[in-house]
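I am opening a notebook on a structure that is new to me, and I will write down what I look up as I go. Charges over rings come before the other topics.

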Amino acid sequence: MRPILLHGHERAITQIRYNREGDLLFSAGKDHSPSVWYSDNGERLGTYDGHSGVVWCINRDSTKVVTGSGDNSYIIWDCETGKQLHRIDTRAAVRSCGFSYSGRALLITTDQQRGYESEILLFGLDDPTQINDGEPYLRIPISKDNAKITTAVWGKLDRYLIVGHENGEVSQFDATTGEKLHSVTEHRKAISDINMYKDQSMFVTASKDSTAKLFDADDLTLLKTYKTERPVNSAALSSLKDHVVLGGGQEAIDVTTTAAQAGKFDARFYHVVFEEEIGRVKGHFGPINSVRFHPDGKSYSSGGEDGYVRVHQFDQSYFDFEFEY
Amino acid sequence: MDGRTTDDLCATPTWCPSGKAIRSTAIQGLIQNEMPIMDNDMVDSNATWGERMENEDDESSSPKVEILDNGIKIVEEERTEGNRKFLVKRTFRIENKRVPKPVAERKAWKKFGASTEDPKGPSSSTTKVAEDTFLAFITNREDNSDEKSLNNIPKERFGTYKAPFAANKENARSELSRMASSQLGVDSKYVVPSRRFGGSQLGDTLELYKRDDQNTVRVSNLSEDADEADLTDLFRHFGQISRVFLVRDKKTRRSKCFAFINYKNREDAAYAISQLNGFAYDHLLLDVEWAKPPSN
């Protein structure tokens with residue numbers, strides 16, 4: 001396969017996301033211009049200009065895009081025109097953001113910073129005053145004794161949230177009451193990414209402790225563990241085959257202190273059930289920060305510290321490949 | 001590609017904009033994509049000063065577009081970076097495909113932000129085609145085939161399967177140890193670590209290499225289409241193979257029509273020669289013989 005290289009960011013990619021049909025690919029980077037691309041031919045549709053800091057996260061429903069930034073704000077954009085609809089300032093850097101499946105609610109998490117504690121903010125979008133006034137219907141503070149939130153996603157039927165913490169804890173919160181329903185600490189280091197399976201019955205977590213783990217989304221039972229020998233920055237589940245792809249590599253900060261060969265920046269495919277590695281794809285020359293399968297499972301993209309997004313269409317050999325057991 | 005093969009479930013289709021996609025799967029739109037398949041950056045360094053001046057006159061000339069019959073579109077544009085002028089040749093495959101209507105609608109959106117000025121199709125400044133890469137499968141197939149080939153070895157010869165040169169090895173070892181002890185004892189000269197204590201790991205590996213060489217079979221008059229996998233298939237029936245080396249042209253990677261097969265046992269190699277020399281394989285008669293040791 002010949003990957004398509006998307007070079008719209010001048011600095012490291014922080015997050016990439018497909019939209020629901022998979023025709024659009026959103027990318028956010030440490031420069032200030034989140035971008036949107038046509039995923040099939042790599043054509044850039046546009047950039048969302050307005051942030052003045054690192055953009056940590058990007059999410060979409062089909063008409064709106066939300067980005068959260070280190071400039072202590074998040075912005076809701078019109079997906080089609082790139083215009084700012086709302087800009088809301090927060091007390092600390094916004095680390096993760098996401099529209100609920102129904103598009104009726106918005107999830108924002110903030111960092112622990114300048115004396116403020118890490119928080120989960122939930123906005124109802126049916127009531128425009130909540131966004132306009134920046135006043136969420138639910139604010140879940142994470143007290144300072146607990147580790148700050150690194151990533152968060154919506155759970156099944158928008159009823160709860162799955163939250164990853166800096167100390168490796170994964171917890172589940174009720175989206176209406178804010179009550180903590182379940183909590184497990186299976187990882188030893190920070191959770192870097194969470195990806196829900198297509199039917200929302202399970203999710204995969206990526207962690208700096210060099211593993212990715214599969215959990216039951218209802219009660220956070222640990223199902224599977226995928227081991228590597230480098231920090232995992234991102235993991236994604238395929239909707240087509242029983243595959244999980246892990247992207248990672250040593251911390252960008254350590255890269256200059258070790259041999260280039262030791263970087264291990266390839267994307268690694270594991271079998272979901274057997275936890276065994278199936279194959280690897282090379283290409284990035286920095287750690288992979290975010291990786292996602294196309295919703296149809298026939299291609300995948302990865303965004304790296306090197307500032308490139310690579311869009312890979314799988315060869316026929318990938319579809320023919322059967323795991324031997 | 002329809003709305004249902006998505007990462008989430010739709011709780012409220014009335015509100016959910018993707019509900020539209022679910023309902024409209026029957027209604028499809030047609031989109032035309034320009035799929036980038038190759039980038040060629042060519043430095044126009046041969047142009048003389050005069051030519052360059054001439055070229056500068058028609059700077060405004062729009063990119064040359066050529067569309068071939070097989071749906072391949074070639075765009076040649078000139079790009080100047082500093083004093084250097086590049087001729088960029090980009091190849092696209094034009095692809096038509098049926099997609100859900102909302103996708104087709106989105107394909108018609110106007111570009112915005114930093115892409116406002118970009119023409120239709122992927123822009124050369126942001127979209128490039130990377131080097132060919134592949135998903136390197138990691139399987140335990142190799143181990144399996146080894147086991148299979150073990151099972152394939154005829155039963156009556158199984159007794160000799162173990163280290164046919166064990167005796168030779170033992171002799172060599174004792175000789176080495178004698179040498180080592182004499183060196184150590186008599187004039188206590190410096191002894192290379194590998195020679196101490198009767199030759200350790202290094203000595204063994206050297207022996208191994210030598211033995212490998214002796215068990216090598218040279219196959220020639222091969223068909224050009226035969227690859228390593230074919231050879232493995234063909235030769236593994238006669239015993240355990242440790243290496244298959246098909247000689248290929250350095251540049252074109254095409255087979256040079258001969259190959260070397262290393263067996264773990266010399267008997268197996270001999271058996272293979274006896275069975276396969278003159279064997280008709282892919283309309284050619286194979287020449288299978290002992291490999292001559294490298295002349296040096």
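Entry one, charges over rings. Keeping in mind that this is a predicted model, I looked up A:R44 and found that it lies over the face of A:W37, at 5.9 Å from the ring centre. I then turned to A:R20, which lies over the face of A:Y101, with 3.7 Å to the ring centre.

Entry two, aromatic pairs. I searched the whole structure for pairs of aromatic rings, and the search gave 18 of them over all chains. One of these is formed by A:Y48 and B:F112, a tilted pair with 5.2 Å from centre to centre and 50° between the planes. I wanted to know where the two residues lie: A:Y48 is in the loop between β5 (44-47) and β6 (55-60) of chain A, while B:F112 is in the loop between α3 (101-107) and β5 (127-129) of chain B, so this pair joins two chains. I also checked whether the partners are buried or exposed. A:Y48 counts as buried, because its relative accessibility is 0%, and B:F112 is buried as well, with a relative accessible area of 5%.

Entry three, a pair inside chain A. I noted that the ring centres of A:Y300 and A:F314 are 5.6 Å apart and that their planes meet at 25°, which is under the 30 degrees needed, so I recorded the pair as stacked. A:Y300 belongs to strand β27 (residues 299-304) of chain A, and A:F314 to the loop between β28 (309-313) and α2 (316-320) of chain A, so the pair ties together parts that are 14 residues apart in sequence. As to accessibility, A:Y300 is buried at a relative accessible area of 1%, and A:F314 counts as buried at 8% relative accessibility. I then found A:Y300 and A:F314 again in one aromatic cluster, which they form with A:F269, A:F293, A:Y318 and A:F319.

Entry four, the annotation. The UniProt record, an unreviewed entry, carries the annotation "repeat: WD" for residues 6-47, 48-87, 184-225 and 281-311 of chain A. I looked at residues 281-311 of chain A, where the end C-alpha atoms lie 12 Å apart and the span is 0% helix and 52% strand.

Entry five, cysteines. How many disulfides does the structure hold over all chains? I found zero. I looked up two cysteines nonetheless: A:C97 counts as buried at 5% relative accessibility, whereas B:C257, at 24% relative accessibility, counts as partly exposed.

Key: Residues numbered from 1 in each chain as written. Chains lettered and ligands numbered in written order. Predicted model: local features only at pLDDT ≥ 70, side-chain atom pairs only at ≥ 80, totals over all residues. Heavy atoms only, no water. Phe/Tyr/Trp six-rings, centres within 6.5 Å; stacked < 30°, edge-to-face > 60°. Helix = DSSP H or I, 4+ residues; strand = E, 2+ residues; numbered from the N terminus. Buried < 20%, exposed > 50% of the residue type's maximum accessible area, 1.4 Å probe, protein only. Lys NZ or Arg CZ within 6 Å of the ring centre and 35° of its normal. Disulfide = S-S within 2.5 Å. UniProt positions renumbered as here; feature names shortened; annotations may be inferred.
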